[in-house]
Amino acid sequence: MANSRSWTQIWPCFVKLCVLNFVLVFKITALGDGSGSGPTVTAENTCKNTNYQSFLPPPYQNISQMICTPVWHTYELRYFQNGDTTTIILSAPYTIGWVGIGFSRDGMMVGSSAMVGWISKHGHAKIKQFYLRGRKQSEVIIDKGELLLNNIPAAVATNGAEIHIAFQLQMTTPFQKQPILLAFGSKYPQNHHLSKHEDKTAIVFDFSAGSTGPVSSELIQMRTNHGILAIIGWGLILPVGAIIARYFRHKDPLWFYLHAIIQFVGFTFGLGTVVLGLQLYSKMHVHIPAHRGIGIFALVLSILQVLALFLRPNKDSKIRKIWNWYHSWFGRMALIFAAINIVLGMQAAGAGSDWKIGYGFVFGIMVVVAIVLEVLAYLKKSEMRSLPPNFQLDPVGGATFPRGM
């Protein structure tokens, strides 16, 4: 075990490395924060001047009082709130297929309600509300949802290369900051069953100010950084530090210094992951209780692990055995819950196959390395047990057996 003198010599370098790592992680975190990203886009300067009287029925013809804001690509969202009535018109590029706008509690597709419009092959305008109960086509239910439409019929029409979806909502409480989903598909709905979308986005739209804040690209970047930090910190760095502590104790005191530094670096990445997650929650009001709760629990366990470094008793202390048990098992629990939470996060965010393959590769490598080292350690231990009782054991070699992390 490392003596106090060697630990004193390496401590300044350890502190400098940790400070640099904190700066790096929080710079990455800051990049994901959409605040201070530039002025808000307003309607008067950027929306197209469209004459709705020529193709939309009343009351959607008069847009003089409506606020208009570009929201995604060339999509434009016009709205007007008057008492408990909210009038909404979504304008989007269109050739064939369908275009939809969804309203969500947490920014996720599942559980949201959407208004979807299209022009059929025979030229008939169609607009329906859908409840997105799940991701499968059979779980997208027509004429269901939580949007309270009033008695004014919804309308959909094309004008040139654009489609315009108009409807009125009867709201007991006017919209303020509301997660909105935008999507389109290139195939006609068959028997009112929507085909899979070609592209989609999620934004938080501020109906009280006519702005998208933060815009979808910033939210996507925050969510991407959140996932990257989680995989690097929880999925790669912390498991590597645990492997070093379990299988390389014969490299004393090098294993101890490597374990301490690597775990602290992994902890700062994990902390950055939680900070970004809390920012996403505050900006999108994302309600994913399992993912959020497990993430906070894993962070608490990792904080206890960091404190364990500074509260580490002497090797011959009576409570050293209890400390070893606490440190190893709390570390294992943190890694297990972190791995589960990474999978939950990818599922909640609708991550693509590249994310799943990437994390699966990292996780698989960690598991294979751990299994190989465990087998080698078991064989070494079995070989030493088979030696004659009077055989002189190498005291250094005896330290190669895995013990607590």
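The following is a conversation about strand pairing, a buried serine and the nonpolar cores in a predicted model.

Biologist: How do β5 and β6 pair in this predicted model?
Modeller: Strand β5, residues 112-119, and strand β6, residues 125-132, run antiparallel to each other and are joined by eight bridges. Within that pairing, I119 has A125 of β6 as its bridge partner.

Biologist: And which residue in that hairpin has a positive phi?
Modeller: That is G123, with a phi near 85°. The hairpin of β5 and β6 has five residues between the strands.

Biologist: Which strand does β6 pair with over three bridges?
Modeller: β6 pairs in the antiparallel sense with strand β7, residues 140-142. There, F130 is bridged to I142 of β7.

Biologist: Let us turn to S112. Where is it found?
Modeller: S112 is in strand β5.

Biologist: Is S112 buried or exposed?
Modeller: S112 is buried, because its relative accessible area is 0%, below the 20% limit for that class.

Biologist: What lies 2.5 Å from a polar atom of its side chain?
Modeller: The backbone oxygen of M109 lies at that distance from the S112 side-chain atom.

Biologist: Which residues further along the sequence does S112 contact?
Modeller: Leaving aside neighbours within four places in sequence, S112 is in contact with F103, S104, F130, Y131, L132 and L181. One of these, F130, is the residue bridged to I142 in β7.

Biologist: Now the largest nonpolar core. Which members touch the most others?
Modeller: They are L77, I101, F103, I180 and F207, in a core of 40 residues. The largest share of this core comes from β5, with five residues. In soluble globular proteins, nonpolar side chains tend to be buried together.

Biologist: What does F207 touch?
Modeller: Not counting residues up to four places away in sequence, F207 touches L77, Y79, Q81, I88, F103, F175, Q176, Q178 and I180.

Biologist: How many residues are in the second core?
Modeller: The second core is separate and has twelve residues, among them A230, A338, I342 and Y359.

Biologist: Back to the strands. How many bridges link β8 and β9?
Modeller: Five bridges link strand β8, residues 155-159, to strand β9, residues 162-170, in the antiparallel sense. V156 is one of the bridged residues, with I165 of β9 as its partner.

Biologist: What is in the turn of that hairpin?
Modeller: The hairpin of β8 and β9 has two residues between the strands, and G160 in the turn has a positive phi of about 70°.

Definitions and conventions:
Residues numbered from 1 in each chain as written. Predicted model: local features only at pLDDT ≥ 70, side-chain atom pairs only at ≥ 80, totals over all residues. Heavy atoms only, no water. Pairing = 2+ DSSP bridges. Helix = DSSP H or I, 4+ residues; strand = E, 2+ residues; numbered from the N terminus. Buried < 20%, exposed > 50% of the residue type's maximum accessible area, 1.4 Å probe, protein only. Polar contact = N/O pair within 3.5 Å; in protein donor to acceptor, adjacent residues only side chain to side chain. Contact = heavy atoms within 4.5 Å. Core = buried A, V, L, I, M, F, W, Y, C linked by side-chain atoms within 4.5 Å.
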